[in-house]
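Please read the following report alongside the sequence and the coordinates. It moves from charged pairs to nonpolar cores and then to single residues.

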Amino acid sequence: MKKEMGKFYFIFAIVIILVLASGVFAQSAGLSGKTKEVVDRIIENQGINKEEIKSVEKVDFEKLPSQVDLRNIDSTNLEVYEVDYGGETPVFVITASEQLLEAQTSDKVYKRMLLTYGIKGEIPESTFLNTGTGVEASVEKGYVMMREGSITGISTNLEVLSGNGEVEVIVYINGVPAGFRNTLAVSSSGVEKDYDTQSIGIVKFDKGDVISTYVIINGEVLVKDIINLVEITTE
């Protein structure tokens, strides 16, 4: 709830409040959904007594009252509400349109998680990397996904001892290459690294899928101490 309200305040940081009289909060009669929430909160912040509210009416942009001047504002995604609380002059609230409000608040929230893999010591040949528990993965062993989502990143760090060639670290889903990998071209000894990212929805997995990583040694290359991270994104 706090996250939603934080997003709510961020979206409406641009809301303009035209207060033409003192007064306090009222029940936004005739409003519903996100628009009612926004108008209610803005009026409440002005300290208006809800018992004094007589009506909250949407204002026609073609028939704006003289107190409201929008000549320099694009009214495409705006709405104006007139709050009658019994005073000599009403309170006008300008906010985003209900259509824009609903569109903004329906945005999906994504969560990211890192799967850890690696192997300690020399790696003379191609092999599956170990999971973070120390267990060697395989076409059947790996992290089991609890939600559907996407693989959105992979990074690798390793040390080259000798040789000349190429090292690939490939993501596998259910024992099949997923088409997403790190590729490190090596020609001298030393620590090498690589990382790649991918958009959501490109490399997808389902609930129950097993994700593992496999290192391929191409050429006469000797490496050791591979550290690998795979980033997954779920809703």
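What follows describes selected features of a predicted model.

## Salt bridges

How many salt bridges does the model contain? The count comes to three, and the table lists each pair with its closest nitrogen-to-oxygen distance.

| Basic residue | Acidic residue | N to O distance |
|---|---|---|
| Arg-112 | Glu-231 | 3.5 Å |
| Lys-224 | Glu-159 | 3.9 Å |
| Arg-181 | Glu-168 | 2.8 Å |

The side chains of Glu-231 and Arg-112 meet in a salt bridge with an N to O distance of 3.5 Å. This pair links distant parts of the chain, since Glu-231 belongs to strand β13 (residues 210-234) and Arg-112 to strand β5 (residues 111-123), with their positions 119 residues apart. Arg-112 has a relative accessible area of 54% and is therefore exposed, the limit for that class being over 50%.

In the salt bridge between Lys-224 and Glu-159, the closest N and O atoms are 3.9 Å apart. Because Lys-224 lies in strand β13 and Glu-159 in strand β9, this pair ties together parts that are 65 residues apart in sequence. Lys-224 is partly exposed, with a relative accessible area of 25%, and Glu-159 also counts as partly exposed, at 28% relative accessibility.

For Arg-181 and Glu-168, the closest N and O atoms of the salt bridge are 2.8 Å apart. Here the linked parts are strand β10 (residues 176-186), which holds Arg-181, and strand β9, which holds Glu-168, the two residues being 13 apart. Is each partner buried or partly exposed? Arg-181 counts as partly exposed at 31% relative accessibility, whereas Glu-168 has a relative accessible area of 13% and is buried, because the limit for that class is under 20%.

## Nonpolar cores

The largest nonpolar core has 27 residues, and those that touch the most other members are Ile-151, Ile-211, Val-215, Val-223 and Ile-226. Strands β5, β9, β10 and β13 are the elements that give two or more residues to this core. A second, separate core consists of five residues, among them Phe-128, Ala-137, Ile-170 and Tyr-172.

Val-215 shows what surrounds one of these core residues. When neighbours within four places in sequence are left aside, Val-215 is in contact with Ile-123, Ser-126, Thr-127, Leu-129, Val-167, Glu-168, Val-169 and Ile-226. One of these contacts, Glu-168, is also the acidic partner of Arg-181 in a salt bridge.

## Individual positions in the strands

Gly-165 lies in strand β9, which covers residues 149-173. With a relative accessibility of 22%, Gly-165 counts as partly exposed, because this value falls between the 20% and 50% limits. Apart from neighbours within four places in sequence, Gly-165 is in contact with Leu-184, Ala-185, Val-186, Asn-218 and Val-221. For Gly-165 and Val-221, the separation is 56 residues in sequence and 5.9 Å in space, taken from C-alpha to C-alpha.

Thr-234 is placed in strand β13 and counts as buried, at 14% relative accessibility. Not counting residues up to four places away in sequence, Thr-234 touches Val-109, Tyr-110, Lys-111, Arg-147, Glu-148, Gly-149 and Phe-205.

Asp-225 also has its place in strand β13. Its phi is near 50 degrees, which is a positive value in a residue other than glycine, and at 29% relative accessibility Asp-225 counts as partly exposed.

## Loop residues

Asn-174 is not a glycine either, yet has a positive phi of about 55 degrees. Asn-174 is located in the loop between β9 and β10, where it counts as partly exposed with a relative accessibility of 41%.

Where does Ile-202 lie? Ile-202 sits in the loop between β11 (190-197) and β12 (204-205). At 53% relative accessibility, Ile-202 counts as exposed, because this value is over 50%. The C-alpha atoms of Ile-202 and Thr-152 are separated by 8.2 Å, although the two residues are 50 apart along the chain.

Terms used: Residues are numbered from 1 along each chain as its sequence is written. This is a predicted model: local features need pLDDT of at least 70, side-chain atom pairs count only at pLDDT 80 or more; totals for chains, interfaces and linings use all residues. Side-chain values use heavy atoms; hydrogens and water are left out. Helices (H or I, at least four residues) and strands (E, at least two) are DSSP runs, numbered from the N terminus. Buried means under 20% relative accessible area, exposed over 50%, partly exposed in between (1.4 Å probe, protein chains only). Contact means heavy atoms within 4.5 Å. A salt bridge is a side-chain nitrogen of Lys or Arg within 4 Å of a carboxyl oxygen of Asp or Glu. A nonpolar core is a set of buried Ala, Val, Leu, Ile, Met, Phe, Trp, Tyr and Cys residues joined through side-chain atoms within 4.5 Å.
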